[in-house]
Amino acid sequence: MLSDLNRKIIRSLLSLKLKDEIFSEMSKELGISSSQIVEVLLSLKDKGILRRWGIYLNSKELGYESALIALKIEEEKLDLLNAWVSREPGITHCYSRRFAILGEEKEEIETPEISKFNIWFTLASKDLNSFQRKTKQMQNDLQLESNSMLILSSQRKFKLRFDLV
Amino acid sequence: MSNRLLNTKQVTKQEKRVLDALYDIPITESPLSEISQELGITPDQLLEIMTNLEERHVIRRFAPVFSHRALGYTSNAILLFKTNNGNLETISKVLAKKREITHIFQRNNIYNWNLYAMVHAKSHKELITIILTIKNEIQVPILIGYTESEIKKTSLRILEVTD
């Protein structure tokens, strides 16, 4: 687990702007030197806790097409899927999911069809054409029925923020 | 690296180089000078290009990316809600206030489960507690998609996304 100091450094890092002598204020606040901060961050990166430090791109502004995609896929095809997913750079997150419903106690809720989709991932591609080409290719390669692939484009963003430390 | 990988309409060649250099910056006491030196421009020029890209919303933010798992957030789920014009705003507002909820998007589809939220917790018990709290506040059914296994997790790097 993280030490208190490491946690403090991580928290302060979240609000840093790119500038010269980037750690000078943080170093005063935490009472350690900039080189110590660098040392801690390098070790966090080494351990894989800090994956990278840099910009988050807005893929939409770059003209990219992206969506959350859900698949209904049989167990036997999972190896094939894994291989497909790992070689496609536009797929950044892919999870297998198991659904449960939290409904009203009194009312019986049927198992919704959408909960039968067991693989969920995000796909980004450089424009709409190449996006559609990729989803079609995936359907062909994995021999998926058209109703086994659900493309969930976003209509509206309410929140996108990861500040949990 | 060739320009065909990017829609050049949106960014210039120099901006592309800046975006690439700022994707994973070196961890040193003065990263700004180091990066600008590498790009052959002054630190002020680099900041100017960066600010401009931020104003055009090409750059969403500048921040560290931590591994959820390494930070202890090992229990994750996607939450699905069926909302209508009447309760979409209210439900998304309740969700947005929760620190543990990181993504909230409206995504319309034939099944009418149209609101999607990602929730992260340090244990299964904590995850359930958060979901029950939400359930209490919003009073509509929640479809919970527990993460069974992680097949892939990386971040999008524009230069890699080709045809």
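Which side chains meet in a salt bridge at 2.7 Å, N to O? In this predicted model, the side chain of Arg156(A) meets that of Glu89(B) in such a bridge, with a separation of 2.7 Å from N to O. Between chain A and chain B the count of salt bridges is three, and across their interface 39 residue pairs are found in polar contact, both partners being at pLDDT 80 or more. On the side of chain A that touches chain B, the largest share comes from E3(A), which supplies twelve residues, and the residues of that side divide into 46 nonpolar, 21 polar and 22 charged.

The contact as a whole draws 89 residues from chain A and 90 residues from chain B. The area buried between the two chains is about 8900 Å², and carbon and sulfur atoms account for 61% of that area.

Strands of both chains also take part in a shared sheet. This open sheet has nine strands with antiparallel pairing, in the order E5(A)-E2(A)-E4(A)-E3(A)-E5(B)-E2(B)-E4(B)-E3(B)-E6(A). Its edges are formed by two strands of chain A, E5 (149-152) and E6 (156-160), each of which pairs on one side only, and the twist from one strand to the next averages 25°. At one of these edges, E6(A) pairs with strand E3 of chain B (residues 101-106) in the antiparallel sense over four bridges, and within this part of the sheet Leu160(A) stands opposite His103(B) in E3(B).

A further pairing between the chains involves strand E1 of chain A (residues 50-57) and strand E1 of chain B (residues 59-66), which run in the antiparallel sense and are joined over seven bridges; here Trp53(A) stands opposite Pro64(B) in E1(B).

Within chain A, helix H5 (residues 128-141) lies across four strands of that chain, namely E2 (65-71), E3 (91-102), E4 (119-125) and E5, and the helix runs at about 145° to E4(A). Helix H5 also carries Lys134(A), whose side chain meets that of Glu88(A) in a salt bridge at 3.0 Å, N to O. This pair links distant parts of the chain, since Glu88(A) lies in the loop between helix H4 (78-87) and E3 of chain A, and the two residues are 46 residues apart. Over all chains, the structure holds eleven salt bridges. Side chains of opposite charge can pair when their charged atoms come close.

Conventions. Residues numbered from 1 in each chain as written. Chains lettered and ligands numbered in written order. Predicted model: local features only at pLDDT ≥ 70, side-chain atom pairs only at ≥ 80, totals over all residues. Heavy atoms only, no water. Pairing = 2+ DSSP bridges. Axes fitted to C-alpha atoms, helices over the stretch in contact; angles between N-to-C directions. Contact = heavy atoms within 4.5 Å. Buried area = accessible area lost by both parts, 1.4 Å probe. Salt bridge = Lys/Arg side-chain N within 4 Å of Asp/Glu carboxyl O. Polar contact = N/O pair within 3.5 Å; in protein donor to acceptor, adjacent residues only side chain to side chain. Nonpolar A, V, L, I, M, F, W, Y, C, P; charged D, E, K, R; others polar.
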